[in-house]
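Welcome! Let's learn to read a protein structure together, one feature at a time.

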Amino acid sequence: MKVVELRAELDARMLNSKGLKSQLIARLTKILKNEQEKEESEKAANAESTETDEAKKQEEEEKKKEEERKKKEEEERKKEEEEKKKAEERERNLLEKRYTLPDQPMIVVHPSRTAKSGKFDCTTMSLSVLLDYRQEDNKEHSFEVSLFAELFNEMLMRDFAFRIYRALCECPEKPAKEEKKEKEEKKDKDKDKKDKEKKEEKEEKEKKEEKDKKEDEEEREEKMEEDKQTEKKEKKEKEEAKEEKEEKKEEEEEDEVRGSQGESESGKEV
């Protein structure tokens, strides 16, 4: 290339176009090399972006397929649950027709109509009744039930014993100071209680004495009132007796006067 062409290429790329031909060639080759590397990197980036776009598309497609599969499985599961609920509802309706179901949730056990030609039956028994078996009950139909009752009873005993033991182990131990403090507090409480009881007894005794004193005074007043009444009554009776005596005396005097007058009149007539 000529110097003019080299300078034109450099000017087109907004670079310094001054200098010798060798400098211009070196400068242009360097910029061309940079441009080529830049183009290659852009191509690689475009290729990577296209690959990532394809991977994203593929991933989205797989995701859609997975969602569709999950949706389908969910629909199938819902369908199975609905069928199961319908079957349970049908069975429940049949049981409600046959038996009176309890209000609280319980395990419903009902005999099979096909077992032993429909002669199989179920009964409710307590654990104590199941444990009350005889040694002669060694047949298959009763032996298994008795064995189950014994094992279940042992399980309950072990469980209850373990709970009691754990509760005792988890109880916190009281420190000596707290125990001493509690003893002192208990002692003070007992002392206060005794003092209170003594005080109450004293108050009750005083109240009783006051009550007895009041009752004695009332009895004395009643007695005095009765004595006054009896005195008044006796006085009144004496006065009445005196009046009667005086009236009787007056009547006797009048009778004597009348008798003397009668005798005098009879003497005159003679």
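What follows is a conversation between a learner and a teacher about this predicted model.

Q: Let me start with the overall layout. How many helices and strands does the protein chain have?

A: The protein chain has five helices and zero strands. Reading along the sequence, you meet the pattern α-α-α-α-α. Two of these helices will come up again and again here: helix α2, which covers residues 21-98, and helix α4, which covers residues 140-170.

Q: What share of the residues counts as buried?

A: Of the 270 residues in the protein chain, 4% count as buried. The accessible surface of the chain comes to about 26800 Å², and carbon and sulfur atoms hold 50% of that surface.

Q: And what part of the contacts comes from residues 24 or more positions apart?

A: Take the contacts in the protein chain with a separation of 6 or more: residues 24 or more positions apart account for 7% of them.

Q: Now for side chains. What is used to describe a pair of aromatic rings?

A: Such a pair is described by the distance of the centres and the angle of the planes. The structure here holds one aromatic pair. The ring centres of F148 and F152 are 5.9 Å apart and the planes meet at 20°, so this pair is stacked. The cut-off behind that word is an angle under 30 degrees.

Q: Where do F148 and F152 lie?

A: Both F148 and F152 belong to helix α4, four residues apart, which is about one turn of the helix.

Q: Is F148 buried or exposed?

A: F148 is exposed, because its relative accessible area is 52% and the cut-off for exposed is over 50%. Its partner F152 has a relative accessible area of 33%, so F152 is partly exposed.

Q: Which residues form a nonpolar patch on the surface?

A: Look for F143, L147 and L151. Together these three have about 300 Å² of accessible area. One of them, L151, sits in helix α4.

Q: Let's turn to charges. What can side chains of opposite charge do?

A: They can pair when their charged atoms come close. In this model the count comes to five salt bridges. Let me show you some of them.

Q: How do E73 and R69 meet?

A: Their side chains form a salt bridge, with 2.6 Å from N to O. E73 and R69 are both in helix α2, four residues apart, or about one turn of the helix. E73 counts as partly exposed at 41% relative accessibility, and R69 also counts as partly exposed, at 39%.

Q: What about E74 and R77, how many residues apart are they?

A: E74 and R77 are three residues apart in helix α2, about one turn of the helix. Their side chains meet in a salt bridge with an N to O distance of 2.3 Å. E74 has a relative accessible area of 31%, so E74 is partly exposed. R77 is partly exposed too, at 37% relative accessibility.

Q: Which residue forms a salt bridge with D159?

A: The partner is R163, and the closest N and O atoms of the two are 3.8 Å apart. D159 and R163 both lie in helix α4, four residues apart, again about one turn of the helix. At 27% relative accessibility, D159 counts as partly exposed.

Q: Which residues are joined into one network by salt bridges that share partners?

A: E66, R69 and E73 are joined in this way. You have already met the bridge between E73 and R69.

Q: Next, cysteines. How many disulfides does a search of the whole structure find?

A: The search finds zero disulfides. For C169, the nearest cysteine sulfur is that of C171, 8.6 Å away. The cut-off for a disulfide is within 2.5 Å, so a pair of sulfur atoms 8.6 Å apart does not qualify. C169 is partly exposed at 48% relative accessibility, and C171 is partly exposed at 47%.

Q: One last residue, please. What does R98 touch, not counting residues up to four places away in sequence?

A: R98 touches H110 and R113. R98 itself is found in helix α2 and is partly exposed, with a relative accessible area of 36%. R98 and H110 are 12 residues apart along the chain, and their C-alpha atoms are separated by 9.7 Å.

Terms used: Residues are numbered from 1 along each chain as its sequence is written. This is a predicted model: local features need pLDDT of at least 70, side-chain atom pairs count only at pLDDT 80 or more; totals for chains, interfaces and linings use all residues. Side-chain values use heavy atoms; hydrogens and water are left out. Rings of Phe, Tyr and Trp (its six-membered ring) pair if their centres lie within 6.5 Å; planes under 30 degrees apart count as stacked, over 60 as edge-to-face and the rest as tilted. Helices (H or I, at least four residues) and strands (E, at least two) are DSSP runs, numbered from the N terminus. Buried means under 20% relative accessible area, exposed over 50%, partly exposed in between (1.4 Å probe, protein chains only). Patches are made of residues with over 30% relative accessible area and no salt bridge: like charges are joined within 9 Å, nonpolar side chains (Val, Leu, Ile, Met, Phe, Trp, Tyr) within 5 Å. Accessible areas come from the Shrake-Rupley method with a 1.4 Å probe; for residues, only the protein chains shown count as cover. A salt bridge is a side-chain nitrogen of Lys or Arg within 4 Å of a carboxyl oxygen of Asp or Glu. Contact means heavy atoms within 4.5 Å.
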